[in-house]
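Trainee: Please take me through a close look at one part of this model, beginning with a single residue in a loop and moving outward from there. I would like one connected account that I can follow with the structure open in front of me.

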Amino acid sequence: MSDKKLRIALVQMHVDAGNPDANYERLKMKLEEAVQGTEKPDLIMLPEMWNTGYALEQIDQIADVNGERTKVMLSSFASEHRVQLIGGSIAEKRENGVYNTIYAFDENGEVIADYSKIHLFRLMDEEKHLLAGEKLGQLKVAGADAGMMICYDIRFPELARKLALGGAKAMFVPAQWPNPRLHHWRTLLLARAIENQMFVIACNRCGTSGSSTFFGHSLIIDPWGEIIAEAGEEETILRAEIDLSMVDAVRAKIPVFEDRRPALY
Ligand SMILES: NC(=O)CCC(=O)C(=O)O
C-alpha cells in the first residue's frame with residue numbers, strides 16, 4: 001500500500017445522553033469490532049459528543065475533566081492496535097467551562113492534535129452550556145495535511161476553504177446531526193468536498209435521544225464529489241479505502257485554487 005492510501009473506519013453508533021459509563025462501554029465494543037477481520041483500518045473516527053450526548057443541563061457534572069478518561073482509553077487502544085484515531089468529539093471540562101473537543105492520536109497513542117468546535121449550534125442550545133474553541137483543527141494523516149471540523153462547522157464554507165488553503169487534502173467531521181435535515185447534511189458535505197477538491201469524511205451518530213432522532217448516513221466523499229461509502233440509519237462500521245494522491249489529480253484537472261480571484265472577493 002502506498003503511503004497516500006488510507007483504510008478508514010467510521011464508528012456510527014448510538015449515544016446514550018447523560019450516561020458516560022454506558023457510552024465508554026459501548027465504544028470499547030465498537031472499536032474492537034472496527035479492528036476485527038483482515039482489512040484492519042489505518043484510521044478510525046468516532047461521532048460528535050459520544051461520551052455524554054447532548055445532556056447539556058448536566059454537562060458540567062458529566063463532561064470528561066481535561067479529557068483524561070478519554071485520552072487514557074483512546075491512546076491505549078491506538079497504540080495496542082497501531083491505528084490512528086480521530087476521537088470524535090467529547091464534552092471536555094476545563095477550568096473555565098466545557099468544550100466540544102476532538103483529540104486525535106497517532107498509531108503510537110500520542111495526541112497529535114486537538115480541536116474544539118468554534119461555531120456553537122444555537123438550535124441545540126450549545127451556546128448556553130459550552131464554550132467555543134479559538135483555533136483551527138489541523139493534523140497530519142498518512143503524511144498529508146488534513147483538517148477537522150465539527151458538525152455545524154460545515155455550514156461555514158470559509159472555514160473549510162481556510163483549511164484547504166492551509167494544505168488540507170482531507171477533512172474529518174464528527175457529528176450529531178438530527179432529523180429532519182438529512183438533505184442539508186448530504187448537500188453541505190458534498191459541496192465542501194467539490195469546492196475544496198478534498199476528501200470529506202464525516203461520522204454521524206444514530207439512534208434517538210429524547211425527542212431527537214439521528215439519521216446516521218455517515219459519508220466518505222472523494223475530491224471529485226463522488227460518494228465512496230454511505231451508511232444507513234443503523235449502527236455500523238462504515239469502511240472505505242481512500243487514496244490521497246487523488247486530490248492533486250483533481251486539482252490539476254480543474255485548477256480552482258489557481259483560478260481564485262481573492263482580490264475581488
Ligand atoms: N450538533 C450540531 O452541530 C448539529 C448541527 C445541525 O444539526 C445543523 O443543522 O447544522
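Mentor: Asp125 lies in the loop between strand 7 (111-116) and helix 4 (126-129), and you should keep in mind throughout that this is a predicted model. The phi angle of Asp125 is near 65°, a positive value in a residue other than glycine. Asp125 has 13 other C-beta atoms within 10 Å, which means that this residue counts as partly exposed.

From there we can turn to the ligand, whose surroundings include Phe121 and Met124, together with Glu48, Cys151, Tyr152, Arg155, Gln176, Trp177, Pro178, Arg181 and His184. By residue class, this shell divides into six nonpolar, two polar and three charged residues. The loop between strand 10 and helix 6 holds Pro180, and a cis peptide bond, with omega at about 5°, joins Asn179 to Pro180.

Helix 6, which covers residues 182-196, deserves a careful reading. Its 15 residues should span 21 Å at 1.5 Å a residue, and since the end C-alpha atoms are 21 Å apart, the model agrees with that expectation. The buried residues of helix 6 are Trp185, Leu188, Leu189, Arg192, Ala193 and Asn196. Because these residues cover an arc of only 130° around the axis, they sit on the same side of helix 6. The exposed residues His183 and Thr187 are carried on the face of helix 6 turned away from that buried side. What the buried residues pack against is helix 5 (157-165), strand 10 (170-175), strand 11 (199-204) and strand 14 (219-221). Just after helix 6, Gln197 takes a positive phi of about 50°.

Strand 14 leads us to another loop, since His217 is found between strand 13 (212-215) and strand 14. The phi of His217 is near 55°, a positive value in a residue other than glycine. With 20 C-beta neighbours inside 10 Å, and 20 or more being what makes a residue buried, His217 therefore counts as buried.

Helix 3, residues 68-81, can be read in a similar order. Its 14 residues reach 20 Å from the first C-alpha to the last, close to the 20 Å expected at 1.5 Å a residue. Thr70, Leu74, Phe77 and Ala78 are the buried residues of helix 3. They cover an arc of only 100° around the axis, which means that they lie on the same side of helix 3, whereas Glu68, Val72, Ser76 and Glu80 are exposed on the other side. Among the elements that cover the buried residues of helix 3 are helix 1 (20-34), strand 4 and strand 6 (97-105). Just after helix 3, Arg82 takes a positive phi of about 50°.

Strand 4, residues 84-86, contains Gln84, and because Gln84 has 22 C-beta neighbours inside 10 Å, this residue counts as buried. Leaving aside residues up to four places away in sequence, Gln84 touches Asp42, Leu43, Ala78, Phe105, Asp106, Glu107 and Val141. Tyr54, which is 30 residues from Gln84 along the chain, has its C-alpha atom 26 Å from that of Gln84.

As for the wider setting, an unreviewed UniProt entry places the feature "domain: CN hydrolase" at residues 6-244. In the model this span is 26% helix and 33% strand, and its end C-alpha atoms lie 8 Å apart.

Terms used. Residues numbered from 1 in each chain as written. Predicted model: local features only at pLDDT ≥ 70, side-chain atom pairs only at ≥ 80, totals over all residues. Near = placed C-beta within 6 Å. Nonpolar A, V, L, I, M, F, W, Y, C, P; charged D, E, K, R; others polar. UniProt positions renumbered as here; feature names shortened; annotations may be inferred. Helix = DSSP H or I, 4+ residues; strand = E, 2+ residues; numbered from the N terminus. Expected span 1.5 Å × (residues − 1). Buried ≥ 20, exposed ≤ 12 C-beta atoms within 10 Å, placed from the backbone. Arc of directions from axis to C-beta. Contact = placed C-beta atoms within 7 Å.
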